[in-house]
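Dear colleague,

I am passing on the structure we spoke about, and below it I have set out what was found when it was examined. Please look through it at your own pace and read the notes alongside.

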Amino acid sequence: MEKSSTDNSGTRSSNMELLRIAAMYMIVTFHGVVNSGVESAAFTPGKVASMFYGIGGNLGVDLFFLISGYFLVRTDFRLYSIVKILLRVMFYSVTIYLVCCAFGIVEFDIATFGLQFYTTIRMRYWFASIYVGILLIFPILGAGFKTLSQRAFILFLSAQGFLFIILPTFFNRMLYQGELPWALFVCSVGAYIRLYGLPLLDKKYLSLLLAAFATGFIFFYSVKHAVLADFDESEKELAMFFRGKNTLPVFLAALGLFMFFKNLSVKNNRFINQVSSTTFGVYLIHENRILRDMLWRFFFDENYLIFTWRFWYIAPAVGAIVFCACAAIDVLREKTIGKLYGNYVKPLCEKAQLLIGL
């Protein structure tokens, strides 16, 4: 989320920045849907909408991993990138906790306050923790990828794809547990596309068709089993099965959308770039464990409309409101605290990196 979308000439690519915004918006809307209570209730028109918007969560995550690999394979290791993420996570964890204490939402406790400084290590923001791991490991992987032949790279991805996509999708088996191995695999796919391209999906209508077909399959499969779940409890798990981030349909949907935006012609746009730079902040604010329950209760508690067809527009509207509010907060942070990072922390990190010879 932190990496600038720049091409080989150093010009920022607003098409990929636009994809970051779309991916985070899908994730925010997904979090609203799963916390609304619609999916755990009996089958209603609102539940049909939740089946559709619920696809966006893991789809958005896979998109961020593809984007990360696409740019990191051509980027040198930067200590400042990691430190900046850690400081940003720490800032929001500590600030949100203190604000909630000030308003009486939670009671201040010195031990709990101290834990806010270690949220990345404690996996309180799982994506942030995984992304730090990617930034540490992927420069080594990327250097290796650039020494491989295209054929060797394809064989590597094929083997990984069998382990991380085929087995979970068709046999419901995972040989590797945890998020990091999967994240590194999807990043590797993004790296391959950066190095060798994917000519089969270079035509925008084909990539969009792939994304639409995969998304449609997940949606109709989910709705079918959600209907049956009212009569058979075992169907609930099937209704959610193909929404998993490491299932073939979600991966294909992410790949199709990624290729569509990659080949989309969007001129460098300052506003798009600015909004895109807030996506990590949007994630940290709305997914804060103290704040998120209160946030979604505000919008969805005792709101019977979420069980009607109106949830088709309520869910994306709430997602947009939350996204915009969090983005505005992160812009304010960047204009104040963010400047201190660039003025003081960045030079220190660069000196430290030179000192250790990285």
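A residue is called buried when its relative accessible area is under 20%, and exposed when that area is over 50%. Please keep in mind throughout that this is a predicted model.

With that cut-off in hand, serine 222 is a convenient place to begin: it sits in helix α9, which covers residues 204-228, and because its relative accessibility is 0%, serine 222 counts as buried. A polar atom of the serine 222 side chain lies 3.0 Å from the backbone oxygen of alanine 239. If neighbours within four places in sequence are set aside, the residues in contact with serine 222 are Met51, Ala239 and Arg243.

Arginine 243 leads on to the salt bridges, of which the whole structure holds 7. Arginine 243 is paired with glutamate 39, and their closest N and O atoms are 2.8 Å apart. This pair links distant parts of the chain, since arginine 243 belongs to the loop between α10 (235-241) and α11 while glutamate 39 belongs to the loop between α1 and α2 (45-53), 204 residues apart. Arginine 243 has a relative accessibility of 6% and therefore counts as buried, and glutamate 39, with a relative accessible area of 14%, is buried as well.

Other salt bridges lie within a single helix. In helix α1 (residues 14-34), arginine 20 and glutamate 17 are 3 residues apart, about one turn of the helix; their closest N and O atoms are 3.4 Å apart, and both residues are buried. In helix α15 (residues 311-356), aspartate 330 and arginine 333 are likewise 3 residues apart, about one turn of the helix, and their side chains meet in a salt bridge at 3.0 Å, N to O. Both aspartate 330 and arginine 333 are buried, and they take part in a network of salt bridges that links them with Arg88 and Glu334.

Finally, there is the packing of two helices to consider. The axes of helix α7 (residues 150-171) and helix α11 (residues 248-262) come within 9 Å and cross at roughly 135 degrees, so α7 and α11 are oblique to each other. On the α7 side the contact is made by Ile165, Thr169 and Phe170, and on the α11 side by Leu248, Pro249 and Phe251. Sorted by character, the residues of this contact comprise 5 nonpolar, 1 polar and no charged.

With best wishes

Key
Residues are numbered from 1 along each chain as its sequence is written. This is a predicted model: local features need pLDDT of at least 70, side-chain atom pairs count only at pLDDT 80 or more; totals for chains, interfaces and linings use all residues. Side-chain values use heavy atoms; hydrogens and water are left out. Axes are lines fitted to C-alpha atoms, for helices over the stretch in contact, and angles run from 0 to 180 degrees between N-to-C directions. Helices (H or I, at least four residues) and strands (E, at least two) are DSSP runs, numbered from the N terminus. Angles under 35 degrees count as roughly parallel, over 145 as roughly antiparallel, 65 to 115 as roughly perpendicular and the rest as oblique. Contact means heavy atoms within 4.5 Å. Ala, Val, Leu, Ile, Met, Phe, Trp, Tyr, Cys and Pro count as nonpolar, Asp, Glu, Lys and Arg as charged, and the others, Gly among them, as polar. Buried means under 20% relative accessible area, exposed over 50%, partly exposed in between (1.4 Å probe, protein chains only). A polar contact is a pair of N or O atoms within 3.5 Å; within protein, one must be able to donate a hydrogen and the other to accept it, and residues adjacent in sequence count only if both atoms are side-chain atoms. A salt bridge is a side-chain nitrogen of Lys or Arg within 4 Å of a carboxyl oxygen of Asp or Glu.
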